[in-house]
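Grab your viewer and work through these short exercises. Each one comes with a worked solution, so try the task before reading on.

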Amino acid sequence: MIEEAVLERELQFVGTVPDERIVIRTDDLWKTYMMGSEEVHALRGVSFDVQHGEYVAIMGPSGSGKSTLMNLIGCLDTPTSGQYWLNGKLVSEMDDDELARIRNKEIGFVFQTFNLLPRASALHNVELPLIYNGTPRTTRLEMAKVSLQKVGLSDRINHKPNELSGGQRQRVAIARALVNNPSIILADEPTGNLDSQTSQEIMGLFEVLHKQGHTIILVTHEHDIAAHAYRVLHILDGRINSDERLRAY
Amino acid sequence: MHTFFEAAKIAISSILAHKLRSFLTLLGVIIGVFVVISVATVIEGANVYIKEKIATLGSGVFRVQKASLTGFGDFQKFLDALRKNPDLTIDDLYALRAGVTLADQLGAQDGTAQDIRYGNISLESVGVQGVTPDMITLSNLEVAQGRYFIEFDNDNRRDVCFIGSDVAKGLFPSSDPIGQEIRVGRDKFSVIGVATELGTVLGFSQDNFVLLPMNTFLKEYGSRRSLTFVVRAKKGADVERVHDQVRVVLRTRHKLNYNQADDFSIASDEETEQLFGSITKVVAGVAFPVVGTSLLIGGIVIMNIMLATVTERTREIGIRKSLGATRRDILVQFLVESSMLSGFGGLIGMLMAITLMSGVSKIAPVPVAVPLWAPIIAISVSTLVGLFFGIYPANRAAGLDPIVALRAD
Ligand SMILES: Nc1ncnc2c1ncn2[C@@H]1O[C@H](COP(=O)(O)OP(=O)(O)O)[C@@H](O)[C@H]1O
Ligand SMILES: [Mg+2]
């Protein structure tokens, strides 16, 4: 169900520096790729806000621009035009090093293909973000263990990815996303490589994280996965088609 | 610093994960360092040897000979000089003793080889030398037992001898040699002293000798021979001026014109060391291009392998970047990896060289010593090679777009 009123109200905010309740604000984001001499507009003016503690699904068919948007929100990429604030900071104009710092501190990625280092133990994988912000070793190990405990893998910390099941690997990835206590958890098709039962498990974990106050943005093309979220942004041809509130927080 | 340790850990694990590939990658560096260290140990060994065993005269001491290889350097000239120059005689010695006022000691020696015998034990081809009694202070000999010659022995051409420790052990395995008569060539000599053991030089024993007083030696083996004089300058005297005094005396006695060259040769240990030094330079000159080439090839191979590694680990780089690794973190990671890889090759090359060389020194008379700087140079040069040739691949890795890198498989 489309709630025109909500959309309208939020659009009024857009373009100004957001207040502290707003984690994400995008204003007229465009991403244009050059394919030879032809311009491909992957995003055509995307504007929305996400408040602290929200659980949002971004849904749309293949090629609609979900991953492109995801990369912008995750600071892996910069928009062709438009503005993006993360926690009140304008990230759309940051350089490489600043973006790396934001990815490290503010963003916790969960990928469809897990993206764990194959030769490293679960513990070391979870430790990685802390290594890149210079957390001392003992603190680092402690934090990584706590994070693995949160996803129920305390007894698997020394296992390598190939010694873990798909669901366990994704839980390691979630532990890694959580370890730095980021502002948002960004999950791009996190259940795309999992069977339905394991998918339910992982979605249950996201629900717990949401209850604990984490802000979650989930990209999916599956309705039943999107149904776990509290709000769904439908995206089509690089535009937000509708902003749907599924249930109250 | 954290990323440095992380990089070191990654480097070690990736070297260990591909042991054979790492070894092949490092072949150039290993060979380069191997050659450097091998050559260095032999040169250093030779230097130590010359100092300890050959150049034993000490400072201010020099030899005067009919001809010497160190004085000419050129072997043909040396042979010509041996043929043409007049013999140096015992009378020359007396004249030098009278004329060279800046000399502290002026001794003479000469030698031949003889079979010697005691009872039914005989030793073949032992070095027999005539020496003036002052030679004890002009050589590195020390008295272990009994005494050395005194002027009385020499003046009276007494049939006494002073023997090296090999001769003492060979002829008197279980009895006291002092006072015993041994047969040297045709005549008998009584043993008055035994020398302290000197050891070997280039595999040859230095203790297989019999010394006779100079005059006894000349009586026994004939005076038509050329002696070697050993001169020590007085303390504080300029050695060059002592050389000049020697020249004046000998040139006068040999009736040389001012425009004629010396018909004798003056050689000091410094010159011996210089001769070896020039050999060292030749050896180093040959080794240098070999080392340079293998390090260059080694570096290029490392660069290629690192490029392959970067491609192979593109996904890993993407993951690290997505987790907050900066360009610099990735750059450091791959630079540390290539330097450690290469430094590890240097370590292997060095250990191989030292192992091989110490093995060689056990079975062949090649003196070997590992100079202190060798391990430092080996590790640091090879590390620098890895660092330098790692720059290009590491830069590539650091410059990867995180999205593209994450999509790689
Ligand atoms: N690097 C790129 N170069 C060119 N076109 C791209 C690139 N990335 C995405 N696109 C195009 O942008 C559009 C949106 O892609 P994407 O964001 O991956 O969609 P989704 O994730 O929803 O499937 C597609 O038409 C895709 O072909
Ligand atoms: Mg996609």
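Accessible areas here come from the Shrake-Rupley method with a 1.4 Å probe. Keep in mind that this is a predicted model.

**Exercise 1.** Work out how much area chain A exposes and what share of that area carbon and sulfur atoms supply.

*Solution.* Start with the total: chain A exposes about 10,900 Å². Then take the share: carbon and sulfur atoms account for 49% of that area. Now turn inward, with buried meaning under 20% relative accessible area. By that cut-off, 56% of the 249 residues in chain A are buried.

**Exercise 2.** Decide how compact chain A is for its length.

*Solution.* First list the elements: chain A holds 8 helices and 10 strands. Next, its radius of gyration is 18 Å, close to the 18 Å from the globule rule for 249 residues, so chain A is as compact as a globular protein of that length. For the extents, the C-alpha trace of chain A spans about 50 × 40 × 40 Å along its principal axes. Finally, look at contacts between residues at least 6 apart in sequence: in chain A, 67% of them join residues at least 24 apart.

**Exercise 3.** Find where Asn181(A) and Lys255(B) sit, and check the sign of phi for each.

*Solution.* Most residues other than glycine have a negative phi. Asn181(A), not a glycine, has a positive phi of about 50°. Its place is the loop between α6 (166-178) and β7 (184-188) of chain A, and at 60% relative accessibility Asn181(A) counts as exposed. Over in chain B, Lys255(B) has a positive phi of about 55°. Lys255(B) lies in the loop between α11 (239-253) and β12 (265-268), and its 70% relative accessibility makes it exposed.

Key:
Residues numbered from 1 in each chain as written. Chains lettered and ligands numbered in written order. Predicted model: local features only at pLDDT ≥ 70, side-chain atom pairs only at ≥ 80, totals over all residues. Heavy atoms only, no water. Helix = DSSP H or I, 4+ residues; strand = E, 2+ residues; numbered from the N terminus. Rg over C-alpha atoms; globule rule 2.2 N^0.38 Å. Buried < 20%, exposed > 50% of the residue type's maximum accessible area, 1.4 Å probe, protein only. Contact = heavy atoms within 4.5 Å.
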